[in-house]
Structure formats: structure tokens, C-alpha cells
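Trainee: I would like to learn how to read a ligand site and its surroundings, together with any unusual backbone geometry. Could we go through one case step by step?

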Amino acid sequence: MPKDLGVAVIGAGMAGKAHAAAFRTASALYNPVLPPIRLVSIGDVNPEFGSLAARRFGYERNDTSWQAIAEADDIDVVSVVIANSLHREVVEGLLAAGKHVLCEKPLSDTLEDARAMADAARNGSSIARIGFTFRRTPGIAYIRDLIRNGTLGKVLHFSGRYWTDYGFSPEAPMSWRYKGGPGSGALADVGSHLAYVSEFLCGDIKSISGGRLSTAIDKRPLPLGAVMGHDHAAVSDTFEAVENDDYAAFSAEFENGSGSFEVSRVAAGHANSLNFEVFCENGSAKFDQRRPAEIQLFLNDGSGHENGYRQVILGPGHPYIAGGLAMDAPEVGFGQNDAFAYQSRAFLEEVAGLSEAESLPRCATFDEGVRNMELLAAVTESALNDGKKITL
Ligand SMILES: NC(=O)c1ccc[n+]([C@@H]2O[C@H](COP(=O)([O-])OP(=O)(O)OC[C@H]3O[C@@H](n4cnc5c(N)ncnc54)[C@H](O)[C@@H]3O)[C@@H](O)[C@H]2O)c1
């Protein structure tokens, strides 16, 4: 095991701060088996964002270029949390410098770049993983367990939505999220999570059909200053065209069962609603990210009279919670920031050389990131061909 690990986060925006906080929390979770974690640098081209985040989360310094982090001898582990189109250059540079890399989803903005990144990861000597954060969500991991251990059993039908509303106001400022080709909008941004969760629960998708992409608001005002995440910063009266989808929908055939999917960034009133129902041979389960500390569960007792869900409040008997919260008593509540901490912990455990048996489940590989992008590319291809069926 290394004597200690120095960590850095590139990108001090909405999700970068979640990574910065998660590395801070990671060694305080579960048993104290990690080597000391040094919080070294936050890298952001915007020095104000970088230095503020470094001070807030207790990092030693901030850097303004990814190259400074790649060259730094005191950094071993780096999260890459910047616009999707920047992932490839930065990740390849970090891997070439021997850093262990945890890259945000989607792996890149194009399939070609994602495949090149997976090649670089395969040929590199360090560990490269992608952050599909929702696999760390206790309710989702628990539903997966219920499917796999036969309590819910074989999946018949999945119905999932990821509704957000960061773009529903025409005054929401232009940002990197509105630029790129078809499928690089809501589909890449939140559809990547939903598609990943569906395969995490239901197994491989074998074909996509009924792809639909639409843009509800076709131009956006330029911001007057730097914009972080979904902030509604002050805007100018100059507009630029929106290049990608505000809304996407598609159907899928799994190896077992079928699914329907809908994602949006203009779903007013739903700031962050990843929600799904999964219907199985022995019952059904329902999850809604707005109520992350519970799931709804229906188990068919065979009487023919037992209709309806019951609420299951998640606690220490469910995945991640025992030792994964400072106070891990039942009904204390938890949320998406905790999932980032479990993800960082899993990554650090792997880098520290802990065996899989004594670790949290590993983070997803870059090959899984490519697979996820192949699914999204199939949705786009279907949408551009009047909903044609695309076999994967
Ligand atoms: N897992 C999740 O739940 C989740 C949630 C949100 C975002 N994300 C992902 O995280 C990534 C970033 O999204 P965000 O919402 O945090 O973006 P953001 O716009 O809030 O922040 C991006 C930051 O990157 C900085 N930046 C721009 N160019 C840079 C460069 N060359 N080097 C270093 N810093 C640079 C910007 O100044 C900004 O602070 C995306 O890939 C997104 O898909 C994941």
C-alpha cells in the first residue's frame, strides 16, 4: 500500500465541488484502512473558482492548468470534472503522466474520442475509471440486489425518466451544455446516467428504437460573466443558437424485457428527478432521486389480492449505509453528495491496492463508458432516421 495518496480535482464547478468534498470525506468512511489522503490541488482555468473551492474544501493550493497537475510530483489521483468535450485531452495527458484518473460521465462528447480514451487507459500503467455516480445510490444498489438475489427476480419491463429543468427558462444562460452535435444535450448530460442505471439493473440492452430528440428553446443569451453549473447568472442581450437536444426519448429491448426512457432539461418543477419503475417476475420497485433515502417496493405474495407499493426506508441494513454515514442510524437521511463520497472511496480503495473482496464495488471502467456512449449514439442514430431500430 502507498504511504499516502495526493489527490486533485480538475474543474471547480457544480460537480467538481462534489468530487472535492467526496475525497475529503472518503477516508472517514467505513474502516480506517486507506493510507493518509492529502488534498493537494483544485485545478480550474478560472482562478477565482479554483482558489475558492481549494479554501472551502481544505486543499493545499489551486492550479490554473491541467498540465500543472499532470506535472506535479505530489499528486497521484485526479478527478476530471470539466465540460465533456475537454475530457479527452486532459485524461490522456494525465494518464501519460502516470496519474490515476476518475473521469466524469459521459466519457467524452464523441464516440471516437471515448474509444481513444479507452485505448489510452488500456495501454497506460495507472487506473482509469468513470464516475457513474448513481450506481452508488443506496436505493438503486438495493433494487439491483433484489433483482439479482431473486426476490424481485427476472426483469420484465423498465420505465425510466431523468427530468431536469435547468434549461426551462429562456433566460437560462448559454453554456457548454447547449453546444455540440445531436444527442450531446439532455441525452448525453442526464440520459447517460439513466441508460447506465437501466443496464446496471436490467442487464444489456440489445437494441434501441423510437429515438426522438427535440430542442424546445433554440437560442440562449450569453452570460455576462463565468457561469457555474446550472446557475442563472446575469445575461447580455446577445443570443447564440442552441445546438442540441432539450428532450430525448427512446425505447429499448434488453436481453430480458423491454424499456422506455425519457430525459429532459426543460421539465419545469423537476430540478433533478431521476426516477424509474422496474417490473419483475415477483413484483416491482420504484425509485425517485427526490426521495433518495427510500424506495417503493411491491412483492407479489401470489394471493392475487396484494396490489400496491409499500415504502421501504433505507438504513444500515441496505447497501453503503452502515459505516457510510457519520451517524449511520436508521432514518437519518442521505443524498447524492453521499454517493459521490462512496464513489471516491471506491476509487481510492482500488488505487491503494485493497483487494476487491475488502473493497466497495469497483468504479466502472472506460470500456463501460464507451458502451454507454454506444447506447447514446444508437439513440441519436435512431432519432435521425425516424425512430428506426438500431441493433447494438
Ligand atoms: N455525476 C454527476 O452526477 C454529475 C453532475 C453534474 C455534472 N457532471 C459532469 O461533470 C462535468 C462537469 O460538469 P459541471 O456541471 O461541474 O460543469 P461546470 O460548468 O459547473 O464546471 C466546469 C468547470 O470547469 C472549468 N474549466 C473549463 N475549462 C477548463 C480547463 N481547460 N481546465 C480546467 N478547468 C476548466 C470551468 O471554469 C468551470 O469551473 C461534466 O462532464 C458533467 O457531465 C456529473
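Mentor: Let us begin with the helices, keeping in mind that this is a predicted model. Helix 1 (14-26), helix 7 (186-202) and helix 8 (336-352) each supply at least two residues of the shell around the ligand, and helix 1 gives the most, with three residues.

Trainee: How many residues surround the ligand, and which are the closest?

Mentor: A residue belongs to this shell if one of its heavy atoms lies within 4 Å of the ligand. Here 28 residues surround the ligand, and the closest are Asp 44, Asn 84, Lys 105, Thr 133 and Gly 229. Sorted by class, the shell has 13 nonpolar, 10 polar and five charged residues.

Trainee: Where does the ligand lie with respect to domain 1 and domain 2?

Mentor: Domain 1 (5-134) and domain 2 (138-334 + 370-384) both give residues to the shell, so the ligand lies between them. The ligand also sits in the largest pocket.

Trainee: Which polar atoms of the protein lie within reach of the oxygen atoms of the ligand?

Mentor: For a polar contact, one looks for a pair of N or O atoms within 3.5 Å. A polar side-chain atom of Trp 176 is 2.9 Å from a ligand oxygen, a polar backbone atom of Ile 82 is 3.2 Å from a ligand oxygen, and an N or O atom in the side chain of Gln 336 is 3.5 Å from one. Taken alone, the ligand exposes 850 Å², of which the protein buries 88%.

Trainee: What should I look for in the backbone?

Mentor: Most residues other than glycine have a negative phi, and most peptide bonds are trans. In this model, the peptide bond from Lys 105 to Pro 106 is cis, with omega near -20°, and Pro 106 is placed in the loop between strand 5 (100-104) and helix 5 (111-123). Tyr 320, although not a glycine, has a positive phi of about 75°, and Tyr 320 is found in the loop between strand 16 (310-313) and helix 8.

Methods: Residues numbered from 1 in each chain as written. Predicted model: local features only at pLDDT ≥ 70, side-chain atom pairs only at ≥ 80, totals over all residues. Heavy atoms only, no water. Polar contact = N/O pair within 3.5 Å; in protein donor to acceptor, adjacent residues only side chain to side chain. Areas by Shrake-Rupley, 256 points an atom, 1.4 Å probe, with all protein chains shown as cover. 1 Å grid on protein atoms, 1.4 Å probe; cavity = no way out; pocket = protein on both sides within 12 Å on 5 of 7 lines; lining within 4 Å. Sits in = over half its atoms within 2 Å of the grid points. Helix = DSSP H or I, 4+ residues; strand = E, 2+ residues; numbered from the N terminus. Nonpolar A, V, L, I, M, F, W, Y, C, P; charged D, E, K, R; others polar. Domains from an automatic or database assignment.
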